[in-house]
Amino acid sequence: MENFYNLYKRARNASWEILLRYGIDELPFSVSKLAATMGIEVFTYRDAQGLIDSLGLHEHALRNEGFTLSIDDQCYIFFNDLHKDNNRIRFTLAHEVGHLVCGHQFISLGKARVTRQNDGDLDTRHPEEYKANIFAARLLAPACVLWALGIRTAGDIESLCHLHPPAAKFRCKRMDVLYKREKEWIEGYGFSPFLRSARERALYNQFKPWIDRVRAARGLPNAGRAQIP
């Protein structure tokens, strides 16, 4: 089985590619609009109840925050709208987009082919669910953007990126590791590990006008433009 760090890198890189490909350059952004641009239709459980029941997916819907249905090469994301928490819903949708972008397998259930699981467990060690969570967190809160704005707390991530508290804490945990690594690199090598990747530099530069507006609103100087080391 592929080790979890490789799963992490593949999911992170996939999130960068989607952000770059679709020109996303501000936070937060509409995940449902992104899905629509990608050709994925999005429905609430309530709106799709008749279809869900007719396909024998009622129990699957009850067990999960959302799932993706594949019919004749068209994908549809369904999500639980009873939570009334838009930030939680955004992560659910991003998780499902992650399943599709990462090429995860559909399972046959009832009369349909659907994604396996999306029960909100951020500590899961199931490889595909882990990758979908990593993808969603990095899609909604790219590390280079948080770094450029000096975002360090779960509360600030929640506020800036519109993540629900568990997802913000999940993202903050990894950012703590990255900030610790940056301190060690600066002390040991004299430079930061951020923006070492060409794709991450491209993403940073794509977000830079928005980053500068946010920094200006906070009384901070403009961020430097990422250069090839």
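# Helix α1, the sheet and a few salt bridges

Reader: Let's start at the front. Which residue caps the N-terminal end of α1?
Author: Helices are DSSP runs of H or I with at least four residues, strands are runs of E with at least two, and both are numbered from the N terminus. For the cap, look for a side-chain oxygen 3.1 Å from the backbone nitrogen of Tyr-5. The residue that brings this oxygen is Asn-3.

Reader: Before we go on, what pLDDT do side-chain atom pairs need here?
Author: Residues are numbered from 1 along each chain as its sequence is written, and side-chain values use heavy atoms, with hydrogens and water left out. This is a predicted model, where totals for chains, interfaces and linings use all residues, local features need pLDDT of at least 70, and side-chain atom pairs count only at pLDDT 80 or more.

Reader: Back to α1, then. How far apart are its end C-alpha atoms?
Author: The helix covers residues 4-21, which is 18 residues. The expected span is 1.5 Å times one less than the number of residues, so α1 should span 26 Å. The model agrees, with the end C-alpha atoms apart by 26 Å.

Reader: Which helices help to cover the buried residues of α1?
Author: Buried means under 20% relative accessible area, exposed over 50%, and partly exposed in between (1.4 Å probe, protein chains only). In α1 the buried residues include Leu-7, Tyr-8, Trp-16 and Leu-20. Contact means heavy atoms within 4.5 Å, and what covers these residues includes α2, α5, α6, α9 and α10.

Reader: And just after α1, which residue takes a positive phi?
Author: The helix ends at residue 21, so look just past that point. There phi is about 65°, and the residue is Gly-23.

Reader: On to the sheet. What is the strand order?
Author: Two strands pair if DSSP finds at least two bridges between them. Four bridges join β1 to β3, and these run parallel, while β2 and β3 pair in the antiparallel sense over six bridges. The sheet is open, with five strands and mixed pairing, in the order β1-β3-β2-β5-β4.

Reader: Which strands stand at its edges?
Author: An edge strand here has a single partner strand, so one side is left without a neighbour in the sheet. The two that fit are β1 and β4.

Reader: Is β3 largely enclosed or open, and how many of its residues are buried?
Author: β3 runs over residues 74-79 and is largely enclosed by the rest of the structure. Ile-77 in β3 has Val-42 as a bridge partner, and Thr-68 stands opposite Ile-77 too. Of the six residues of β3, the number buried is five.

Reader: What phi does Asp-72 have?
Author: β2 and β3 form a hairpin with two residues between them. Asp-72 is in that turn, and its positive phi is about 50°.

Reader: At what angle does α5 run to β3?
Author: Axes are lines fitted to C-alpha atoms, for helices over the stretch in contact, and angles run from 0 to 180 degrees between N-to-C directions. α5 lies across β1, β2 and β3. To β3 it runs at about 155°.

Reader: Now the charges. Which residue meets Glu-26 in a salt bridge?
Author: A salt bridge is a side-chain nitrogen of Lys or Arg within 4 Å of a carboxyl oxygen of Asp or Glu, and the structure holds six. The Glu-26 pair has an N to O distance of 2.7 Å. Glu-26 lies in the loop between α1 and α2 and its partner in helix α10, so the pair ties together parts 187 residues apart in sequence. That partner is Arg-213.

Reader: Is Asp-81 buried or exposed?
Author: Asp-81 forms a salt bridge with Arg-46, the closest N and O atoms being 3.5 Å apart. Arg-46 counts as partly exposed at 46% relative accessibility. Asp-81 has 13%, so it counts as buried.

Reader: Last one: which side chain joins Glu-65 in a polar contact of 2.8 Å?
Author: Glu-65 is in the loop between α4 and β2 and is buried, with a relative accessible area of 10%. A polar contact is a pair of N or O atoms within 3.5 Å; within protein, one must be able to donate a hydrogen and the other to accept it, and residues adjacent in sequence count only if both atoms are side-chain atoms. Among the residues that Glu-65 touches are Tyr-45, Phe-79 and His-83. The polar contact of 2.8 Å is with the side chain of Arg-88.

Methods: Lists of a residue's contacts leave out its neighbours within four places in sequence.
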